[in-house]
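Work through the exercises below with the sequence and the structure open. Try each task before reading its solution.

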Amino acid sequence: MREYPLPIPIVDIPMTADRLRRQAQQAMDAGQWDAAQAALESLAQHQPHDVSIHMALADVILRRGRMRAATRHLLQAIPLLPNDASLIAQLAWRLSTNGEIQGARACLAHLARAPNPPAEVLSEQAHLRWALGEIPVARALMDRAVALGVDTSSEYYLDAMLYQFLGRLAEAEAVLLACLRRWPRYGDAAVILANLRRQTPEANHLELFRESLGRISAASTDARDKFARAEFESAIFKVHDDCGRHDEAWSALARSNALMHDINPYDAQAEAALTDALVGIPEPLAAAVTDAAAEFAGPMPIFIVGMPRSGSTLLDQMLSSHSQVISAGEIPDFQHQLHWMADVAPRSAQGMQKAIERSAGMDFAELGARYLQQTQWRAHGHRFYIDKLPINVRMVPFIRRALPRAPILHLAREPMDVCYSNLKVMFGKASPYCYDQQALAHYYGQYVRLTNHWRASMSGAMLEVSYAALVNEPEATMRRVLHHCGLAMEEACLHPERNPAPVATPSSVQVREPVHSRNLGQWRRYAKQLEPLRLALAEQGVGVG
């Protein structure tokens with residue numbers, strides 16, 4: 001979600017409302033959220049049709065950890081929207097972040113009616129459509145924005161990403177090069193540029209990346225400078241790795257990951273506590289149910305779960321090549337609805353723990369219904385749609401209770417392969433576990449502990465799919481996957497490279513190739529450097545080959 005300031009504009013209104021606005025703003029500036037809520041609630045009584053008040057009130061209530069009341073204020077604001085593009089976009093972002101996707105789409109429909117919008121309004125719509133997974137619509141909006149003239153690094157970046165997701169790699173590369181010429185310290189563009197294709201000794205962007213890196217002081221203690229340096233080092237790693245210069249590649253990767261680990265450290269204690277909470281849920285909750293209340297009509301979700309970088313995007317592309325299946329991408333809707341049911345803000349591991357604690361008395365039929373209400377539109381006429389968010393491996397018992405007929409596919413990859421694949425990819429600030437070998441081993445150990453518990457407590461809840469089997473024996477593996485989902489085999493499922501659907505993950509380039517096994521055992525080229533990881537995994541009780 002984009003961060004928007006909370007200030008509420010002061011307009012020519014009665015003195016009481018003016019005073020309440022000032023009180024609310026002062027309380028928010030001071031972090032006094034209870035006082036801010038009281039002032040905003042009084043202000044809302046004076047100005048019930050002011051959308052900015054509803055949004056500020058929702059933000060404050062969410063800060064206090066209550067999701068339902070915050071969401072209610074956001075939904076109440078939708079019919080009050082004025083013809084103000086910025087305000088509409090702000091509301092759409094907040095609705096999306098709170099899991100109210102249908103409300104966000106309503107805002108976008110309202111925004112789309114604006115006559116002759118300027119470039120910045122079109123690019124904002126494109127950004128929102130991308131966030132909702134509507135890549136072709138976002139691309140069309142971005143084409144219009146570019147024609148009118150976009151002029152920020154973030155707009156160039158979005159333009160390039162949308163080209164990449166649609167497989168238009170030459171156009172993406174041209175935009176990224178133009179972006180780096182104008183904003184040479186913009187590391188986000190370098191990361192994508194390095195990963196658009198295989199770099200070769202004859203054709204690569206190494207000197208561009210080195211030149212840009214040299215513009216950022218290595219002595220700077222500013223987190224933004226450290227992050228930018230980490231991104232350029234990651235891009236340099238990719239070039240050296242592709243060209244077979246493994247010593248130079250590892251040095252760049254180590255520098256990148258050290259910077260990221262410094263500015264975004266891993267909290268092993270919080271991760272272990274969350275796993276404790278999950279494995280400690282009551283046995284009746286973990287049991288599969290088939291009560292009539294959980295039945296539903298319409299498209300069926302298929303969940304793909306596991307570790308990031310386990311090959312889930314490949315399985316998603318193969319499965320969505322079936323004529324009756326479409327991919328919805330990596331959508332966080334199930335976790336959002338779980339938080340809404342628990343009335344807990346969707347922030348931090350502690351928030352998830354609180355949601356788990358409150359799940360014992362939860363109405364799981366309502367949870368399933370809310371999830372379907374927000375997601376079934378993504379099927380676009382298909383019988384099945386794929387929810388491919390790997391972290392939903394934490395949600396398995398809740399999915400089983402809320403949507404007992406929905407297939408869950410657990411993709412598993414050899415430990416060193418999947419851990420190395422996480423270690424070498426720049427995930428930004430979203431995944432602090434993947435920038436340090438000890439942290440990565442601990443995180444993987446918690447994942448193994450959790451999935452072992454699911455197997456023991458919910459026999460048959462997930463279909464286990466081996467990545468090695470998927471790439472070495474694709475036909476036999478896909479027949480088993482399709483049978484589990486209640487689908488017949490189709491030849492198209494063996495040719496994901498022919499699937500024209502957008503792919504909005506770091507693997508978007510690789511999965512446009514025919515199925516291959518080249519990624520098996522990639523970690524061995526860095527076996528010496530990865531010895532700490534192997535030993536740390538062994539300490540976690542994880543055997544490696």
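Two residues are in contact when they have heavy atoms within 4.5 Å. The model is predicted, so local features need pLDDT of at least 70 and side-chain atom pairs count only at pLDDT 80 or more, while totals for chains, interfaces and linings use all residues. Residues are numbered from 1 along each chain as its sequence is written, and side-chain values use heavy atoms, with hydrogens and water left out.

**Exercise 1. The whole chain**

Task: Describe the overall build of the protein, beginning with how many helices and strands there are.

Solution. Step 1: the protein has 26 helices and five strands; helices (H or I, at least four residues) and strands (E, at least two) are DSSP runs, numbered from the N terminus. Step 2: with a radius of gyration of 24 Å, close to the 24 Å from the globule rule for 545 residues, the protein is as compact as a globular protein of that length. The radius is taken over C-alpha atoms, and the rule is 2.2 Å times the number of residues to the power 0.38. Step 3: along the principal axes, the C-alpha atoms fill a box of roughly 70 × 60 × 45 Å. Step 4: 56% of the 545 residues count as buried, where buried means under 20% relative accessible area, exposed over 50%, and partly exposed in between (1.4 Å probe, protein chains only). Step 5: among contacts with a separation of 6 or more, 72% are between residues 24 or more positions apart.

**Exercise 2. Helix H9 and its cover**

Task: Find what span is expected for the 13 residues of H9, and which elements cover its buried residues.

Solution. Step 1: the expected span of a helix is 1.5 Å times one less than its number of residues. Step 2: at 1.5 Å a residue, H9 should span 18 Å, and its end C-alpha atoms are 18 Å apart, which agrees. Step 3: twelve of the 13 residues of H9 are buried, so H9 is largely enclosed by the rest of the structure. The buried residues include Glu 155, Asp 159 and Phe 165. Step 4: the cover includes H7, helix H8 (135–148), H10 and H11. Step 5: just after H9, Gly 167 has a positive phi of about 80°.

**Exercise 3. Ser 123**

Task: Is Ser 123 buried or exposed, and which residues does Ser 123 contact?

Solution. Step 1: Ser 123 belongs to helix H7 (residues 119–131). Step 2: the relative accessible area of Ser 123 is 7%, so this residue is buried. Step 3: apart from neighbours within four places in sequence, Ser 123 contacts Met 142, Ala 145, Glu 155 and Leu 158. Glu 155 is also one of the buried residues of H9.

**Exercise 4. Helix H11**

Task: How many residues of H11 are buried?

Solution. Step 1: seven of the nine residues of H11 (residues 187–195) are buried, so this helix is largely enclosed by the rest of the structure. Step 2: among the buried ones are Gly 187, Val 191 and Leu 193. Step 3: their cover includes helix H9 (153–165), helix H10 (169–182), helix H12 (206–214) and H13.

**Exercise 5. Val 481**

Task: Place Val 481 in its helix and list its contacts.

Solution. Step 1: Val 481 lies in helix H25 (residues 474–485). Step 2: Val 481 has 0% relative accessibility and therefore counts as buried. Step 3: leaving aside neighbours within four places in sequence, Val 481 contacts Leu 315, Leu 319, Leu 409, Leu 463 and Val 465. Step 4: Ser 320 is 161 residues from Val 481 along the chain, and their C-alpha atoms are separated by 12 Å.
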